[in-house]
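Please open the structure in your viewer and keep the selection tool at hand. The stops below take one selection at a time.

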Amino acid sequence: MRDRLNSGSNNRDASAVRTSGGETAVRAIATLTAALVALPVISIVVLAAQPVPDLWPHLISYVLPGTLFDTLALLAGVAALTLAIGAGTAWLVTAHDFPGRGLLIWLMPMPLAIPTYIAAYVYVDLFEPLGLAHKMLGALMPMQQAAQWLPQLRSLPGAIFIIGLVLYPYVYLSARAMFQTQGLDALEAARVLGARPWAIAWRVTLPMARPALAVGLALVSLETLNDIGASEYLGVRTFTVSIFNTWLNRSSLPGAAQIAVLALILVALLVVLERQGRHHRTYAGAENPRTIRRRRIDGAKGWLATVVCLLPAVLGFAVPLLFLIRESLRRGLADHSRAALIADTLHSLSYAAIATLIALLLGLAVVLASRWRPGRLRTALGTIARAGYALPGLVLALGLLAPLLAVDNAANALARVTGLAAPGLLLIGSGAAVVIAYVVRFLAVPAGFIEAGFARIPRDYDDSAAISGASRLTTLRKVHLPLLTPALIGAAIIVFVDCLKELPATLLLRPMNVETLATSIYQYASRGSFEDGALAALLIVAASIGPVAWLARFSDVPDGPA
Amino acid sequence: MSNHHPARAALMFCAILFSAAPALAQSGEVNVYSYRESKLVQPLFDAFTKDTGIKVNIVSASSGLEQRIKTEGASSPADVLLTVDIGRIDEAVAAGISQPIKSEAVTKAVPAQYRDPNDNWTGISMRARVIYASKERVKQDAITYEELADPKWKGKICIRSGQHIYNNALFAAYLAHHGEAKTEEWLRGVKANLAQKPSGGDRETARDVAAAKCDLGIGNTYYWALMMNKDADKKPWAEATRVVLPTFAGGGTHVNLSGVLLIKTAPNRANGVKLIEWLLGDTAQQLYADANYEYPVRAGVAINPTIAGYGTLNPDKLPIADIAKQRKAAAALVDKVGFDN
C-alpha cells in the first residue's frame, strides 16, 4: 500500500520506478552515513572554534610558510612519481605483452601491503651510512669514499621517493581498470591511423583515463597528507606534523584543530578544482567492454619493459619484505609470545574485516542514493561521506571521542533511569570505536570505487530494467552488482589492507588489554628498535598479500588475442 | 535477500567483540592508561599482580590519552596515567583530570624536585638528555649545554627534531635557566652548528656520529644502553661513541621524568594509590629502571651498571614542574629560529 502512495509522488522523477521499503532504507542509510562522517568533522570544527590568541601570528610568521612549502612539494613530488610509475606501468602491462608480464601483474600492486612508516625505516636503515648499501659499496672502495655515494634519504626528495614507491599502486590499480575496458574504438582508430604507441598513450589513453587517474591520485595525495610516521622520521614538515606539534608542544588543541580544518579546506578545494576541470566532459563508458588487444614487445625493448615494471615492485615491495623477513628470522620469536601474536593478528583481522564490510555497504548506499535520485543534496551527502579520508587518523580519532562517548554516556544515563546495570563504555570499551573510526576514515575508498563503477554503467540499463518492471533493488541485484563486482572487490581489498595498516586511530581508540599488529609494531618502534617488531610487520604484509594478489588477478581480464 | 548473510556474520562478529569489553570498576583491578608501551611495563605489572593479587588492565598510546580520559568523564575506567615525559604530565594536570595522591609513602620515597607541589603526580624514573660523543674525534670530557652553541662545533652536531618532546623539555630547561633572549641566541648557535637538518631518532643520531657525519649527537641515556646491550646490529654505533653527561654551566644534567598521575574519576582509587606506592618500592624501582635503562627516582636504589658507567649523574636542581611551565615558550622559539628547517 505504502509503495503505491510513494510511487505516486515519484512520478515527477523522470526515471522513477516503484519505490520499495528497501529503497527508503537505502536512502536513510545514506543520510545516516553522511551524518556519521560529519560527526568527527563537526567536533573538530567545534574544537577549532575556540579562540587561540597569539597562535596564528606565530604560525604565519614561522610555521606555515615552511609547512606549506614542504607539504605542497611533497604532494606534487609524490603525485608526479606515482603518476609516472602507476600510469606508465599500468599502460605497459595492459596494452602490451613482454617477458614476465604474467608475474608482474601480481607483483605491481604489492607495495600496498607495506605501510609508509615501515618503508621509511627500512630504507633509512639500508641506505644510511654503516648500512647494508654502505657495506656493499665498501667492498669496492674505501668506506669514506663509499659514504659519498649514499643518497640523502632523510630529506624532501627522499620522502618523495619512499612514499611514492609504496603508494603508486593506488594509481596503478585505478588506471589499469580504466585502460582495460575504455574507449577501445578510439584506441583502435588511432592504431589504424598509424599513431605511434606513445602518441596513443599520451593523446588518447591518458586523457580518457583522467577520471580514474584522478581517483588514484586523490587516494595517494590524501595518504601522503595524512602520513605522520614517515614524514616526521624523514624530517619533512607536513601539515600533519604541524598539527601534532601545535597540539602536543605548542599546547594548543584548538590551534591544532584549526590547522586541521585549514588542511581540510585545502583538500576540499583540490577536489572541487578537479571536478571543475572535468565538468562538461564525457568519458567513455562500458558500452564496448571488449578486451584490449595487447601489442607484443619483442627483444631488448621487451626486456626493458620488464625492468621498468619490475623496478618499482622490487623497491616498493621486495626490498622491505626481504628486510622484514631477515630481521624476523634473526630475532625469531624471542621477544614475542606466540599466543599474544595470534591474539594481535585476530584483533587486526576482525576489526579490518568488520570495518571493510560496513564501509562497503555504507559506500554502496551513499552512491545508490545519488544514482537513484541525482540532485545537489545527494551529491553533498556523497561528498560529506568521503571527508573522513581527508583527516589525519589521530585527528579523526580525537574528533570521534566526543560523539562516541556521548553515546556511551547516554547509554549509562538511560541505564540509570531504567534501573538496569550500567553498560560502561559501550563503544569505546568494546572495539566498536575502532571499527567506526576505520569506516569513517576509509569510506571514501568504496564510495569512490563504486561511483566510478556506476559511472560506467549506462543509465539506459536502469531504464530498460525499469520498463520491464524490475524494482530498483532487483535492478541493483541483477544488473548493477554483477557489473560492479570488480569495483567492490577492489574497494574491499584496499579498505581491508588500509585498516590493517592504520595506526594512530587504533592506538587511541582501542579497548584496554587489546593490541593489534600495527599497535604491536608501534610498541617496538617507539623504543627506537622497530626491527624487533619485524615479525608483526611481516604478519601485516602476509595478511595483505593474499587480498592484493586476488585484486591483481581480478584486474586482469582473460587473455585477448595477442 | 542476498544481503542477509554478511549482515548476520557481522552481527556475530560484533557480539564477539562486545563481549570482550572489560568490566568497569571491580575490586581487585586497576586500570592503567599508559604512554609507556604496554610490552615494556607488562612484566612489572605482572610482578605487581603477583604481590598484591590486583589485576592490571592497560591501554597504551602515543598521544591523546588525556583527551580520552577527559571525554570519558565520569564513566572513565582510568585509575592512573603513566607518562614518559613531563610534557604529558603537564597537559594532564592542565586538563584537570588528576587528583592529589595523598600518600605518605610517596612523599617519603620521592625527592620534592621530582614530585608535583600539588601532589597530582610523581616521577617514577628518570632519563637524562646527554651527548653521544665520537670516541675518535672528541677528546673533551666535560661539555656544557651552553657550549653546544660554540662555533668550534660548527657542522659537528646531530640532533632529532627540535619539536620532539625530549628536545622540547631540554630547551624548556634551558629557558628556565637563562630566559628567552639568551635561549633564542643559544638555539640559533646550536642550529648553526648542526651537520644536517634535524630528523630521525636518537639512535640515528648515534649512527650519524659513528658514520662521521658529525662529532656530537644529542640523545637520551637509555638509547645508548639499549644499542650497547640489546641490539647486535646497533652495537657498533654505541661503541663508536661515548656518553658525556653534559651540565648547565654551574648546574646539573637535564633529566626528564617518567611519571604517574592519579585520575580524578578513578573508580579504583585505592588500588591506583597502591600501584603508585608499589612502583616506588625498592623492588619495582630496580625492576623498572633496569628494564628501561633509566635512573630510579628513589635514592639508594642500585643503578644499572651500563648507565652507571656514564659517570655520576648530577641531575639539574630545577624542579621539573618549573621546566614544564616553559614547554610552550620553548616550542615557539624552535619555530622562531627555524630549528627544524
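**Helix against helix in chain A**

Start by selecting α16(A) and α19(A), which are oblique to each other because their angle falls outside the ranges for roughly parallel (under 35 degrees), roughly antiparallel (over 145) and roughly perpendicular (65 to 115). The helices span residues 338-372 and 432-442 of chain A, and they pack at an angle of about 45 degrees with their axes 9 Å apart; axes are lines fitted to C-alpha atoms over the stretch in contact, and angles run from 0 to 180 degrees between N-to-C directions. Helices here are DSSP runs (H or I, at least four residues), numbered from the N terminus.

This is a predicted model, in which local features need pLDDT of at least 70 and side-chain atom pairs count only at pLDDT 80 or more, while totals for chains, interfaces and linings use all residues. Residues are numbered from 1 along each chain as its sequence is written, and chains are lettered from A in the order in which they are written.

Next, colour the residues in contact (C-beta atoms, placed from the backbone, within 7 Å): α16(A) contributes, among them, Tyr351(A), Ile354(A) and Leu362(A), and α19(A) contributes residues including Val434(A), Tyr438(A) and Phe442(A). By class, this contact holds 11 nonpolar, no polar and no charged residues, where Ala, Val, Leu, Ile, Met, Phe, Trp, Tyr, Cys and Pro count as nonpolar, Asp, Glu, Lys and Arg as charged, and the others, Gly among them, as polar.

Keep α16(A) and add α24(A), residues 517-525, which packs against α16(A) at about 130 degrees with the axes 7 Å apart; that makes α16(A) oblique to α24(A). Here Asp344(A), Thr345(A) and Ser348(A) of α16(A) meet Leu517(A), Ala518(A) and Ser520(A) of α24(A), a contact of 2 nonpolar, 3 polar and 1 charged residues.

Conventions. Helix = DSSP H or I, 4+ residues; strand = E, 2+ residues; numbered from the N terminus. Contact = placed C-beta atoms within 7 Å.
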